[in-house]
Amino acid sequence: MQALMLLLWTGALLGQGSCQNNAGSPEEGSLDPDTTGVPVEEEDPFYKVPVNKLAAAVSNFGYDLYRMRSSGSPTANVLLSPLSVATAFSALSLGAEQRTESSLHRALYYDLISNPDIHGTYKELLASVTAPQKNFKSASRIVFERKLRVKSSFVAPLEKFYGTRPRILTGNPRMDLQEINNWMQAQMKGKVARSTREMPSGISILLLGVAYFKGQWVTKFDSRKTSLADFHLDEERTVRVPMMSDPKALLRYGLDSDLSCKIAQLPLTGSMSIIFFLPLKVTQNLTLIEESLTSEFIHDIDRELKTVEAVLTIPKLKLSFDGEVTKALQEMKLQSLFDSPDFSKITGKPIKLTQVEHRAVFEWSEDGAGTNPSPGLQPARLTFPLDYHLNQPFIFVLRDTDTGALLFIGKILDPRGT
Ligand SMILES: *[C@@H]1O[C@H](CO)[C@@H](O)[C@H](O)[C@H]1NC(C)=O
């Protein structure tokens, strides 16, 4: 299986073979070609580590959420840090009974992992991805309606595993908004601006997920090579944006002919990387790529890309999002949480989910650790120069290499911002 994938990618790199994307569907994903009709599933050692297995599950929730957001806004940028939203849901599941707990577990793909200590493992995952060297901040919070009495048997594990206490609203919108903004500022160390939106009304349960990331490349860009250059919004329209470039970039690369896109990976400090999906043609329709995004597919890509030297251009980027993701979640097997869920482990009163809010800031610039490529990267010998120009709509995925967790995902149709 390993050797086969490698061959396919090498073929793809040279522009001939086809790269099968059948990861994510276990029935087809791991068929040994040598056996006669009997599927043999190989357990990847990476997924034997409970944290990695959990990271794959919540990241698959993240790809689902991304797809819903993206299909809901076909002509706008999308920026999401789905982990903070997944964390809020995982924390909320501590208070869910039976069918409500099952709905949450299905959405988070917990039903596919046999881990008796999901929340303990989640705590480990959060500690790992928010370690200081990652430059990634993420926080989640559960906010309850005014004067709700919350059982201590819910608050104790919430604090133990997720390091957070639920917030009970006062009913004074100005004070409540200010308190939420203050909490967010403290969590994000001031990197995420205060929300200018009003406090939503009619809250029963509000979930809030916040995240910030500023990328530090392993090899920094020379800012003298940054200049205004064309970015093709679509086949007709072009805008000028600050574009960084490196004429001799070392990146990991593969051409996926099934998805008609060129995939590249650039390493960041703190065991992180960004994977880019760049269609072969200028288009705002990235559906084909989006449909294939799963934790398993990204994991395979991470293993199969080949190091090459390339002429790289990439727009400078600073994007932010402040809004609701409620609608996308309602479309994702989670509608029952908004109707009549069973949260009797939280309170005796009937409560239900009413809003899910997300705030995120993401940026990269020329900043990086060193001017020399990291040792150990040996480029494949190519007989032709490779160009990789992110000067048209693309998708990026920020992935934690240690756990495989999806930390940010973006659809960039216009790098000037949403
Ligand atoms: C986008 O591409 C997909 C797959 O290639 C296709 O099925 C779909 O119709 C396209 N959507 C639009 C709006 O063109």
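Here are some worked exercises on the structure above.

The model is predicted, so local features need pLDDT of at least 70, side-chain atom pairs count only at pLDDT 80 or more, and totals for chains, interfaces and linings use all residues. Residues are numbered from 1 along each chain as its sequence is written, and side-chain values use heavy atoms, with hydrogens and water left out.

**Exercise 1. The overall picture**

Find out how many helices and strands the protein chain has, and what share of its residues is buried.

Step 1: Count the elements. The chain has 11 helices and 16 strands. Both are DSSP runs numbered from the N terminus: helices are H or I with at least four residues, strands are E with at least two.

Step 2: Check burial. Of the 418 residues, 55% are buried. Buried means under 20% relative accessible area, exposed means over 50%, and partly exposed is in between (1.4 Å probe, protein chains only).

Step 3: Look at the surface. About 18,400 Å² is accessible, and carbon and sulfur atoms own 51% of that. The areas come from the Shrake-Rupley method with a 1.4 Å probe; for residues, only the protein chains shown count as cover.

Step 4: Turn to contacts, meaning heavy atoms within 4.5 Å. Among those with a separation of 6 or more, 78% are between residues 24 or more positions apart.

**Exercise 2. Walking across a sheet**

Work out the strand order of the open sheet that holds β12, and which strands stand at its edges.

Step 1: Write down the order. Five strands line up as β3-β2-β4-β12-β11, with mixed pairing. Two strands pair if DSSP finds at least two bridges between them.

Step 2: Find the edges. β3 and β11 each have a single partner strand, so one side of each lacks a neighbour in the sheet.

Step 3: Go through the pairs. β2 (residues 136–144) runs antiparallel to β4, joined by 9 bridges, with Ser138 opposite Ala211 of β4. Next, β4 (residues 205–214) pairs with β12 in the parallel sense over 10 bridges, and Ile205 faces Leu353 of β12. Then β11 (residues 317–324) and β12 pair antiparallel over 8 bridges; here Gly323 sits opposite His358 of β12.

Step 4: See how covered β12 is. In this strand (residues 353–364), 11 of the 12 residues are buried, so the rest of the structure largely encloses it. Helix α11 (residues 326–339) lies across β11 and β12, at about 145 degrees to β12.

**Exercise 3. Two helices in contact**

Decide how α6 and α7 are oriented to each other, and which residues make the contact.

Step 1: Know what to look for. Two packed helices are described by the angle and the distance between their axes. The axes are lines fitted to C-alpha atoms, for helices over the stretch in contact, and angles run from 0 to 180 degrees between N-to-C directions.

Step 2: Read off the geometry. The axes of α6 (residues 118–129) and α7 come within 8 Å and cross at roughly 40 degrees. That makes the two helices oblique to each other. For the cut-offs, under 35 degrees is roughly parallel, over 145 roughly antiparallel, 65 to 115 roughly perpendicular, and the rest oblique.

Step 3: List the residues. α6 brings His119, Gly120, Tyr122, Lys123 and Leu126, while α7 brings Lys160, Phe161 and Tyr162.

Step 4: Sort them. They split into 4 nonpolar, 2 polar and 2 charged. Ala, Val, Leu, Ile, Met, Phe, Trp, Tyr, Cys and Pro count as nonpolar, Asp, Glu, Lys and Arg as charged, and the others, Gly among them, as polar.

**Exercise 4. Residues in loops**

Is Thr164 buried or exposed, and which residues does it touch?

Step 1: Place it. Thr164 is in the loop between α7 (152–162) and β3 (167–168).

Step 2: Check its cover. With 12% relative accessibility, Thr164 counts as buried.

Step 3: Find its contacts. Leaving out residues up to four places away in sequence, Thr164 touches Ser140, Arg141, Leu158 and Glu159.

Now do the same for Ser260: where is it found, and how accessible is it?

Step 1: Ser260 is in the loop between β7 (238–256) and β8 (261–268).

Step 2: At 34% relative accessibility, Ser260 is partly exposed.

Step 3: Look at its backbone. Ser260 has a positive phi of about 50 degrees although it is not a glycine.
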